[in-house]
Amino acid sequence: MNIKYFKIKHCIFLLVLLTAACSDHGIEPKPVLKSPPGFSGTIRFISEWPDSVKRSFLVVFKNPLKSDSDFTILNLKFLSKEIPLGVQKHEFSSLDSAYIPATPGPFSSGSYSYVAVVQQSTENLSLARKDWFVSGVYYANNDTTTPGVMIIPDSTFVKNININVDFNNPPSQPPGGN
Amino acid sequence: MKKNFLKYFFVLTLLILLINANKLFAQTYSISGVITDTKSKPVPGVNVFIIKTNIGTASDDKGNFKISELKNGTYTLEFSAIGYEKLIKENIVIQDKSIILNIVLKESIIQTEEVLVTAGKYKQKKSELPVSAEIIAGSEFTERNFSNLADAVRYVPGVTMTEDQISIRGSSGYSRGTGSRALLAIDGLPFYTGDTGEIVWEMIPVSEIQRVEIIKGAASSLYGSSAIGGVVNCLTRDISEKPLTIINGFYGIFDRPYYNEWDWSGKRRPFNGLTLSHSNTFGNLGFNISFTRLEESSYRQDDDFKKYIGFLKTIYNFSSVSSLTFMANTFNKRAEQFLYWKDSRNALVMPDKNLNDRIETNRYLFGLIYKNLINDKFLLNANVSYYRNNFKDNEIIPNESTSNLYRGELQLNSNLTDFIVLTSGIEGNFSKVNSSLFGNPVLHGVGVYSVADISFSFPLITSIGLRYDYSKLDSLDGSGMISPKFGFNYKVLNNFILRSSLGTGFRAPTLSEAFTSTSSSGIIVKPNPNIKSEHNLTVEFGLNYSPFNQLNLDLAVFNNEYYDMIEPGIDPKDGKVVFTNLVRARIQGLETSALINILTDQLTLSFNYTYMWARDLETGLALRYRPRHIFYSGIDFRKWNFEAEINFRYTSRVEEIDEELIDLGIVVDGELRVPVYTTDLKLGYNFLSTGFPLNIYLNIKNIFNYNYIELIGNIRPIRNFSFGFNLAI
């Protein structure tokens with residue numbers, strides 16, 4: 001076997017790899033967005049708060065809630081902090097501190113199939129489907145027959161994601177509840 | 001319990017002293033001498049042992065060796081060292097007087113056969129093993145300024161590290177220190193914590209290491225539960241016959257980050273370390289003692305640390321055939337806790353809410369090892385150890401955990417004939433935990449094993465073994481399993497060796513995998529009382545070929561089938577992290593390596609490539625944190641008293657990471673990950689020829705300042721420069 005062949009072959013291979021190694025610097029900072037994507041809106045409570053409600057949240061799901069298995073934490077892209085009990089109006093923004101995402105910041109652009117206000121009666125915050133009751137849903141284009149899809153284009157902060165909550169007349173519930 | 005343990009220590013020590021009292025006055029002799037190379041330079045670290053016995057030693061820094069307490073008789077000695085041709089001296093006759101030998105070793109161009117201890121729990125040559133094994137020389141730590149054993153392990157073929165978690169041929173992903181599929185041992189004493197079962201690499205005093213042996217593939221048939229993916233055994237330095245003081249230190253700085261956005265401190269951040277060690281022998285008693293202090297002002301904000309490592313090894317030789325070793329290893333660490341970055345524009349800074357997290361850790365390992373060569377056929381090895389761990393953080397409600405792990409092992413090596421070595425033993429452990437994270441569970445475990453290595457003349461070595469393990473985790477049902485193994489090593493030609501092994505592995509869940517209940521920085525972990533043990537089936541086929549003196553090639557193909565593999569994941573119903581059993585996983589691949597001596601003893605090239613296919617067979621997805629391609633290479637040049645080395649490491653971009661942490665917005669920009677390309681340079685100079693026992697080193701790591709992660713949201717060290725020295729007086 002020719003030793004020179006080995007020397008040359010491996011030296012060239014090593015040089016190629018070294019060149020590749022110094023040609024870039026790996027992970028780099030993402031560019032600053034001129035207008036970070038996100039959403040904001042207003043929730044209006046048009047009836048009295050029932051005493052049974054222990055806490056209430058704004059939630060945003062990426063995919064439609066067609067079955068029990070769609071109600072998962074991985075489909076849940078936004079879970080606000082608690083809406084103050086008894087308020088008549090609550091303004092929100094994706095830049096607010098929330099449970100999900102844990103760190104406030106730009107909200108990923110894309111379409112979100114289910115935006116709603118939910119209530120719970122349990123002692124502690126629960127992520128089990130059975131402990132959630134939907135008290136208001138976001139509708140797009142005044143179509144109240146199906147939940148509205150929230151679309152956030154790239155570099156766009158979408159406003160007026162408004163929801164009305166009537167505790168006396170709740171919307172139809174997604175599958176998997178009691 | 002602690003009182004009882006100390007009582008057993010005392011009773012065991014007393015018993016051993018009594019058993020050996022009669023041997024203290026027997027008439028014995030020694031074989032001693034100096035080992036030099038062909039240029040009359042002393043050769044340190046040469047393994048010297050008497051063939052067909054377990055008696056041996058190693059030469060010290062001045063090439064001196066001594067095997068004492070030998071009776072009259074005829075002996076055959078073998079001398080072997082990396083970089084030298086093996087030498088066998090036959091017919092050395094001791095007749096009422098000691099023998100002095102002057103040994104000259106010839107330099108070899110190919111690495112000679114090294115002696116291994118770990119693979120079969122007795123001395124075997126690497127070239128005779130049925131499994132793949134790698135060795136890291138202890139000098140690497142000083143020369144390349146590795147203050148942590150994990151840093152050196154990163155360059156071992158087929159091994160990857162995800163931060164501080166080892167993965168041998170893809171055995172592990174990342175679980176924040178919980179559980180390990182490789183067993184770390186120090187001089188044969190298993191070294192895992194009683195609560196998390198993790199390996200604490202930073203506790204090992206690297207300046208005390210003579211060499212590290214890494215066995216790939218399931219070694220459960222000998223080592224039990226934790227060795228399902230492999231074994232890492234650290235062998236500490238031999239005790240010097242004469243006073244020897246070593247001072248080892250380094251000082252370094254991290255360069256400024258490549259991107260201005262990341263330059264949070266505006267400074268080059270320093271790090272340093274100093275080790276003082278002393279070794280000596282008084283009569284039958286010898287000792288190594290060392291103290292290490294490490295300090296780092298990290299390149300990342302809120303990631304500084306101070307570490308203090310103490311180490312003591314004492315050996316009392318009752319005779320040439322029996323000894324008692326006491327070992328103590330202590331560790332104190334005060335550190336900030338960097339969990340993950342704020343975002344990609346603040347990659348070296350933590351989220352505001354996590355700033356100022358601190359942790360203090362105290363760990364202590366004490367061990368006793370008793371060895372007695374009962375006769376030429378039987379070697380008894382008994383060891384007990386106690387490993388205490390405590391850590392506490394500074395949360396508003398502090399997390400604190402203390403674990404006490406007690407273990408003991410009795411092992412007998414039997415040279416039944418000149419062709420059969422039987423290694424049998426029994427091992428037991430008990431762990432008691434008091435923790436705000438895991439509760440107060442207890443763990444019991446017991447193992448019984450026996451492995452026979454049979455040598456045939458053709459020349460074929462076969463290895464057949466069996467181990468039974470039983471583990472009971474507090475309130476969970478106990479589980480046990482029999483782990484058989486079979487392997488062979490066949491030397492087809494002098495330069496062509498085939499090897500193969502088939503074995504099963506078993507790992508019981510750790511206390512932390514079953515009982516962790518905590519919340520930290522947005523990550524909530526919940527217990528899984530239904531978790532089961534995992535097991536695997538490993539097959540390996542390998543060959544080693546040296547077509548000519550300057551070239552050595554090695555190839556191995558492997559397949560690991562995992563059943564009920566324990567992996568962390570997110571419960572989609574509540575978003576909490578939980579350890580669960582994957583139904584089936586498969587890791588298969590091939591590993592190749594080439595060692596080329598371009599200029600004898602002066603210029604060496606090495607290449608290692610590993611391909612891995614690691615899949616969850618249920619979902620078809622890649623297992624997390626397992627790269628598909630791993631490539632390491634190095635160029636080593638040594639001439640006169642100067643040495644230079646360049647090491648390059650590549651791993652492909654991992655396919656799967658903790659996507660849930662991105663989805664839940666816990667790690668912003670967590671999807672950013674790249675292939676790893678790192679290049680390190682080492683320059684060294686040896687002043688020994690001038691009569692001054694000093695070595696100096698300059699290391700530049702990550703020369704091209706390449707930014708990469710091993711773990712989501714954690715940039716690995718940026719370019720850094722360090723100067724180190726090693727002074728042996």
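These are brief notes on a predicted model with chains A and B.

1. **Overall form of chain B.** Chain B has 729 residues and a radius of gyration of 25 Å. A compact globule with that many residues would have a radius near 27 Å, so the value for chain B agrees with a compact form. Along the principal axes, the C-alpha atoms of chain B fill a box of roughly 80 × 55 × 50 Å.

2. **Secondary structure and packing of chain B.** Strands number 42 in chain B, and helices number six. Of the 729 residues, 47% are buried. Take the contacts in chain B with a separation of 6 or more: 63% of them join residues 24 or more positions apart.

3. **The largest nonpolar core.** This core has 63 residues. Those with the most contacts inside it are A:Ile43, A:Val115, A:Ala116 and A:Met150. Strand β7 of chain A, residues 114-120, gives the core its largest share, five residues.

4. **A second core.** A separate core holds 56 residues. Among them are B:Leu129, B:Ile136, B:Ala218 and B:Phe311.

5. **Around A:Met150.** Leave out residues up to four places away in sequence. A:Met150 then touches A:Phe39, A:Val60, A:Ser111, A:Tyr112, A:Val115, A:Tyr138, A:Val158 and A:Ile161. One of these, A:Val115, is also listed with A:Met150 among the residues with the most contacts inside the largest core.

6. **The interface.** On chain B, 43 residues are in contact with chain A; on chain A, 27 residues are in contact with chain B. Several elements of chain B each supply at least two residues to its side of the interface. They are the strands β32 (534-548), β33 (551-570), β34 (577-599), β35 (603-616), β37 (642-651) and β38 (676-686), plus α6 (659-663). By type, the chain B side divides into 26 nonpolar, nine polar and eight charged residues.

7. **B:Lys89.** Is B:Lys89 buried, exposed or partly exposed? B:Lys89 sits in strand β6 of chain B, residues 87-94. Within 10 Å there are 16 other C-beta atoms, so B:Lys89 is partly exposed; a buried residue would need 20 or more, and an exposed one would have 12 or fewer. Setting aside neighbours within four places in sequence, B:Lys89 is in contact with B:Thr76, B:Leu77 and B:Leu101. The C-alpha atom of B:Lys89 is separated by 34 Å from that of B:Met327, and the two residues are 238 residues apart along the chain.

Key
Residues numbered from 1 in each chain as written. Chains lettered and ligands numbered in written order. Predicted model: local features only at pLDDT ≥ 70, side-chain atom pairs only at ≥ 80, totals over all residues. Core = buried A, V, L, I, M, F, W, Y, C linked by C-beta atoms within 7 Å. Helix = DSSP H or I, 4+ residues; strand = E, 2+ residues; numbered from the N terminus. Contact = placed C-beta atoms within 7 Å. Nonpolar A, V, L, I, M, F, W, Y, C, P; charged D, E, K, R; others polar. Rg over C-alpha atoms; globule rule 2.2 N^0.38 Å.
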